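User: I'd like some practice at reading helix packing and burial from a model. Can we work through one together?

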Amino acid sequence: MTYGVPSNVVFITSVVVGMLLSAGVECSSKLSHSELVVHHPTSNNTYFLQRDRYFLRLLQLALDRSGTNYRLAPVLLPPMSENRSEKYLQAKRYDVHWMMTNTRHENSLIPVRIPLYKGLIGWRLLLVHREDEADFANVTAVAQLKRKLAVHGLDWPDTGVLVANGFRLRTSLDWMSLFRLLDTHDVDYFPRSVAEIWQEIDSSPSSNIVVEDSLAMHYYAAYYFFVSKDNAQLAEEIEKGLNAAIADGSFDRLFNANFANAIARANLPHRRVLHVNNPLLPAKTPVHRKELWFQPR
């Protein structure tokens, strides 16, 4: 989702810089003490407020660890697609947003290539109708799952991954209709990430919908912080801070505080994992940095 007021990260105006120069003051020392104002989107939507709390804490942790003097400034906007957020970042309605990476985003924005979910967003469980659970217990290969009909959001970032892999999909823009289609047996399953599924099933509008207990899908997927092309300094500060948080363990502590219960509840080591290729994953994704990615134990 996404949010905005026109603004950009500004350390000091050109007028003040000129005054400092004419007074013989070193700009670099003044710049080091200036405040970095970082505008980010927010929403009144309860679901997104709960989800985005983790990203905001991670952004705060990164800027804390970077040593930057900063202030976070929320920009209120309704929920919207990540493609719209890309345009808002380019238009400087805000300075930073967390989005799933793809080639388009990486070409038009600056990605901070550290997976914020540690790839957990690519670990998927299946919401199914309780009467169909036995059918999924017999699925042992991706090809079998592809013969079933999934439901997914029309403009969601993972929809492209499923389409590229030949999954059968029915899509909708309306959140509640996704559950209705599953409840009425018009579709067979609804794949959701381990990071999301428990909150969603606990608030499901139908008692017929359950989390299937034998399967998991996995593909590499990464949520990054993104900034506009002319905001490289902010990207550098965030990357510096995230790497420092990884090194001192505070990144993992925050991740575990938010997702350890969901991971335990998913019981991934006892599921059959169906591995799926993500052809939309950009070539520069740091899959070689094993410390950045969640793995079941």
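Analyst: Let's go from the overall picture to one helix pair and then one residue. Keep in mind that this is a predicted model.

User: Fine. How many helices and strands does the protein chain have?

Analyst: Twelve helices and twelve strands. Of the chain's 297 residues, 52% count as buried. Looking at contacts between residues at least 6 apart in sequence, 79% join residues at least 24 apart.

User: And what does the protein chain expose?

Analyst: About 13500 Å², with carbon and sulfur atoms supplying 51% of it.

User: Now the packing. What describes two packed helices?

Analyst: The general idea is to give the angle between their axes and the distance between the axes. Here, take helix 3 (residues 46-66) and helix 12 (residues 250-266): their axes come within 11 Å and cross at roughly 165 degrees. Angles over 145 degrees count as roughly antiparallel, so that's how helix 3 and helix 12 run relative to each other. Their crossing is right-handed.

User: Which residues in helix 3 and helix 12 meet?

Analyst: From helix 3 you have Tyr54, Arg57, Leu58, Leu61 and Arg65; they meet Ser250, Phe251, Leu254, Phe255, Asn258 and Phe259 of helix 12. By type, the residues of this contact split into seven nonpolar, two polar and two charged.

User: One last residue: is leucine 77 buried or exposed?

Analyst: The cut-off for buried is under 20% relative accessible area. Leucine 77 has 10%, so it is buried. You'll find leucine 77 in the loop between strand 2 (70-76) and helix 4 (82-90). Its C-alpha atom is separated by 5.5 Å from that of serine 43, 34 residues apart along the chain.

Conventions:
Residues numbered from 1 in each chain as written. Predicted model: local features only at pLDDT ≥ 70, side-chain atom pairs only at ≥ 80, totals over all residues. Heavy atoms only, no water. Helix = DSSP H or I, 4+ residues; strand = E, 2+ residues; numbered from the N terminus. Buried < 20%, exposed > 50% of the residue type's maximum accessible area, 1.4 Å probe, protein only. Contact = heavy atoms within 4.5 Å. Areas by Shrake-Rupley, 256 points an atom, 1.4 Å probe, with all protein chains shown as cover. Axes fitted to C-alpha atoms, helices over the stretch in contact; angles between N-to-C directions. Parallel < 35°, antiparallel > 145°, perpendicular 65-115°, else oblique. Left-handed = near helix turned anticlockwise from the far one by under 90°. Nonpolar A, V, L, I, M, F, W, Y, C, P; charged D, E, K, R; others polar.
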